[in-house]
Amino acid sequence: MKLKNLLLVALAGSFNLLSAQLHEEIVMDESFSPKVNKSEVQWKKELSSSQYRVLRQAGTEYAFTSELLDNKEKGTYHCAACEAPLFESEHKYDSGSGWPSFDRPIKGAIAYDVDYNIGVQRIEEKCANCGSHLGHVFNDGPIRTTGKRHCINGVALKFIPNGK
């Protein structure tokens, strides 16, 4: 009986260690400074009104309205403001949330910040290149990969198919 309990504890500990290694760590960069700096007048000229509201004013598009939600093509999702590559299509999945969701970004493409806009703490995702708001990351993603759900406004993305 004692051996069985000891084995169960050891097995649970091993699973927790493996699980921790599989999950992406979100690192907040307090000294984040975007590489692209434009005035708000410039952003307003370059972006549509809905893009400006989301990307520059941290708005949220309505769920299930993005043309990219059901996109199954192979390619790369770029920032709609500066065209920096953010997510690969192979990491996109149907989360059921109503927004394009990915289990991981391209390494170094995303900057993270704390957001209290709805009264609770959330982790905001911004384009590391231009600082534009993209969406939020949550800990309810696919357990077999990263455990993260990068919930991104479709209007904040520009999809470029492979080979283009």
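The exercises below work through a predicted model, each with a solution. Residues are numbered from 1 along each chain as its sequence is written. Because this is a predicted model, local features need pLDDT of at least 70 and side-chain atom pairs count only at pLDDT 80 or more, while totals for chains, interfaces and linings use all residues; side-chain values use heavy atoms, without hydrogens and water.

**Exercise 1. Outline the fold**

Task: State how many helices and strands the protein has, and give their pattern along the sequence.

Solution:
- Start with the definitions. Helices (H or I, at least four residues) and strands (E, at least two) are DSSP runs, numbered from the N terminus.
- Count the elements. There are 3 helices and 9 strands.
- Read along the sequence. The pattern is α-α-α-β-β-β-β-β-β-β-β-β.
- Check the contacts, meaning heavy atoms within 4.5 Å. Among those between residues at least 6 apart in sequence, 57% join residues at least 24 apart.
- Turn to burial. Buried means under 20% relative accessible area, exposed over 50%, and partly exposed in between (1.4 Å probe, protein chains only). Of the 164 residues, 42% count as buried.

**Exercise 2. Order the strands in the sheets**

Task: Work out the strand order of the open sheet of 3 strands and of the open sheet of 6 strands. Name the edge strands of each.

Solution:
- Apply the pairing rule: two strands pair if DSSP finds at least two bridges between them.
- Take the sheet of 3 strands. Its order is E2-E1-E9, with antiparallel pairing.
- Find its edges. Strand E2 (85-88) and strand E9 (157-161) each pair on one side only.
- Add the twist. It averages 30° from one strand to the next. Axes here are lines fitted to C-alpha atoms (for helices over the stretch in contact), and angles run from 0 to 180 degrees between N-to-C directions.
- Look at one pair. Strand E1 (residues 75-79) and E2 are antiparallel over 3 bridges. Thr-76 stands opposite Glu-88 in E2.
- Take the sheet of 6 strands. Its order is E3-E4-E8-E7-E6-E5, and the pairing is antiparallel.
- Find its edges. Strand E3 (92-93) and strand E5 (110-115) each have a single partner strand, so one side of each lacks a neighbour in the sheet.
- Follow E3 inward. 2 bridges join E3 to strand E4 (residues 101-102), and the two run antiparallel. Tyr-93 has Ser-101 in E4 as its bridge partner.

**Exercise 3. Examine the cysteines**

Task: Explain why Cys-130 and Cys-82 are not bonded.

Solution:
- Set the cut-off. A disulfide is a pair of cysteine sulfur atoms within 2.5 Å.
- Compare the distance. The closest cysteine sulfur to that of Cys-130 lies in Cys-82, 3.7 Å away, which is too far for a bond.
- Extend to the whole structure. The search finds 0 disulfides.
- Note the burial. Cys-130 is buried at 2% relative accessibility. Cys-151 is also buried, at 10%.

**Exercise 4. Place the salt bridges**

Task: Describe three arginine salt bridges, and say whether their partners are buried or partly exposed.

Solution:
- Recall the principle. Side chains of opposite charge can pair when their charged atoms come close.
- Set the cut-off. A salt bridge is a side-chain nitrogen of Lys or Arg within 4 Å of a carboxyl oxygen of Asp or Glu.
- Take the total. The structure holds 7 salt bridges.
- Arg-104 and Asp-103: the closest N and O atoms are 3.2 Å apart. Arg-104 is partly exposed at 28%, whereas Asp-103 is buried at 6%.
- Arg-122 and Asp-115: the N to O distance is 3.2 Å. Both residues are buried.
- Arg-149 and Asp-140: the closest N and O atoms are 2.8 Å apart. Arg-149 is buried at 12%, whereas Asp-140 is partly exposed at 47%.
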